[in-house]
Amino acid sequence: MSQPLITLDFLDIPTLPTPAADATTHAHEPSGEVRVNPATRTGRSRKLYMESYGCQMNFSDSEIVSSILFNEGFDTTEDLAGADLVLLNTCSIREKAEQTVRMRLKQINSHKKRNPAMLVGVLGCMAERLKSKFLEEEKLVDLVVGPDAYRDLPQLIQQVDGGQKAVNVLLSREETYADITPVRLNSNGITAFISIMRGCDNMCSFCVVPFTRGRERSRDAHSIVHEAEALVAQGYKEVTLLGQNVDSYKWASADGLEQVNFAQLLERVANISPELRVRFSTSHPKDITDEVLFTMARHENICKYIHLPAQSGNSRVLALMNRTYDRPWYEERVQAIRRILGDDCAISTDMISGFCSETEEEHQDTLTLIDFVQYDMGYNFFYSERPGTLAARKLEDDVPLEIKKRRLQEVIDRQQLHARARYARMVGRVHRVLVEGRSKRSEEQMSGRNSQNQVVIFPKGTARKGDYVNVLVTNTTGAALLGELVD
Ligand code: SAH
Ligand code: SF4
Ligand code: F3S
């Protein structure tokens, strides 16, 4: 049974298998995964069907939206055909992400034809990017709401109930939804995500996020700590602090007397309980400080895993990408991680292949950076031009698709070589594992993760979901560790 938060503890929410079960999850990755809010059955009069695309930030927002609409008399349903309101929380990061949503809208249209009373809303980054144009392009859409306007949903739905179309895509400099208790609909009851900031001020030239999510703002540190404490009180064992660039977290009290940076926030959350694991994502290489690394080193319960997207291994390309660091800087940050946290700290990256004007030699530099870092994991993409971004306005998307795809495959292959080696070096050692549930492979096996975020699978013995256990790893599949319980 998953554990919804206090205000909603009468909800009958079924436990869902989480992607964490047998696959390594990644807090910030637009994974192509689609999440459907599981059904709630509390006798509320209207039924909301909600699908979420994109990154964890979007999934986290969907929990906030569910909370707002629950208070407005909506139960969630998994039955699209029977829904009164259908919401898609969308992603714009690459063209393919948007195409997926367009296709889905076509399918929803056929449901709407059979059930004309069904209202259809588009939320999230695509709503923000296209604004009221969405209503012209997709006639079935009644409601378009950007990521900073979810508080306005009740009023917007009233407007749609009254027969009008409704749009609110205002971005805010303040909104953090700090006071809204998310409904942990997709939770396994053990691990949860906490948004600590919103927006992004970085303006990487390829990226649509600053346009869809607006200016960077940090959430009140006390509300973050309270949310984590409430989760601990309900039996949660792991929180992941989320933001596009967590290392630039910066919050000050209204009187300015209290100031909290990311390292200090991390420490506050880690101090809540030694039984609570703390993860975070994403770290921007330009901002990750030694103070953060030393804080990680001081607290066993801060997991030794850093997602540090490089995007490219070539300094000229990095400059074109407006990443504001070069290769030597990135390498130095990796060396700092190794120096302060040791070789066991896992590092992952995002890489973009075939960015504007990238040459074959520059692509080779990405491969040599992968060799230098020996990443544990990589999330790799080929470049997809996004309208309105700096790159779309100033640079030519001139690497042919076939070449982008070939380079991407080389990046993936090189990356997997190192990932396998990183898994292999864990064999023969005992790992402290937080058990997240049954393995998808077998009823007799349990699955959890070690501090490095590697999946560990073992015969269940007496282990229960939510336990910390010691597992002697005896083998690896290259994508998971296999082992047995030891004392
Ligand atoms: N804030 C994070 C990135 C969030 S977007 C950071 O700065 O690292 C997640 C990933 O999507 C990016 O790291 C990048 O690798 C990829 N991405 C973003 N825009 C893209 C584009 N236009 N084409 C291809 N990949 C893109
Ligand atoms: Fe996009 Fe760059 Fe911001 Fe990441 S840091 S969200 S890649 S603009
Ligand atoms: Fe996330 Fe996609 Fe928006 S990656 S921030 S949902 S563009």
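The shell around ligand 1 holds eight nonpolar, four polar and four charged residues. The model is predicted. In total, 16 residues surround ligand 1. Gln244, Pro309, Gln311, Asp350 and Ser384 are the closest of them. Two strands stand out by name. E16 (346–353) and E17 (377–382) each give at least two residues to the shell around ligand 1.

Now look at the polar contacts of ligand 1. Start with Gln311. An N or O atom in the Gln311 side chain lies 2.7 Å from an oxygen atom of ligand 1. Arg323 also uses its side chain: an N or O atom there is 3.1 Å from an oxygen atom of the ligand. Ser384 contributes through its backbone. One of the backbone N or O atoms of Ser384 is 2.7 Å from a nitrogen atom of ligand 1. How much of the accessible area of ligand 1 does the protein cover? On its own, ligand 1 has 540 Å² of accessible area, and the protein covers 96% of that.

Next, step back to the space itself. With the protein atoms alone, the model has four cavities of 30 Å³ or more. The largest cavity encloses about 600 Å³. Its lining counts 38 residues. Ile93, Phe206, Cys207, Val209 and Gln244 are the closest to the centre of the largest cavity. Ligand 1 takes its place in this largest cavity.

Which elements build the lining of the largest cavity? Helix H6 (209–213), E16 and E17 each supply at least two residues. H6 gives the largest share, with four residues. Strands E16 and E17 thus appear in two roles: they serve the lining of the largest cavity, and they serve the shell around ligand 1. By class, the lining of the largest cavity comprises 18 nonpolar, 14 polar and six charged residues.

Turn last to ligand 3. Where does ligand 3 sit? Ligand 3 also occupies the largest cavity, the space taken by ligand 1. Nine residues lie around ligand 3. Cys55, Cys91, Ser92, Cys125 and Gln244 come nearest. The shell around ligand 3 has five nonpolar residues, three polar residues and one charged residue.

One residue ties these views together. Gln244 is among the closest residues to ligand 1. Gln244 is also among the nearest to ligand 3. And Gln244 is one of the lining residues closest to the centre of the largest cavity.

Note on methods
Residues numbered from 1 in each chain as written. Chains lettered and ligands numbered in written order. Predicted model: local features only at pLDDT ≥ 70, side-chain atom pairs only at ≥ 80, totals over all residues. Heavy atoms only, no water. Near = heavy atom within 4 Å. Polar contact = N/O pair within 3.5 Å; in protein donor to acceptor, adjacent residues only side chain to side chain. Areas by Shrake-Rupley, 256 points an atom, 1.4 Å probe, with all protein chains shown as cover. 1 Å grid on protein atoms, 1.4 Å probe; cavity = no way out; pocket = protein on both sides within 12 Å on 5 of 7 lines; lining within 4 Å. Sits in = over half its atoms within 2 Å of the grid points. Nonpolar A, V, L, I, M, F, W, Y, C, P; charged D, E, K, R; others polar. Points joined across faces, edges and corners; volume = space filled by probe spheres on them.
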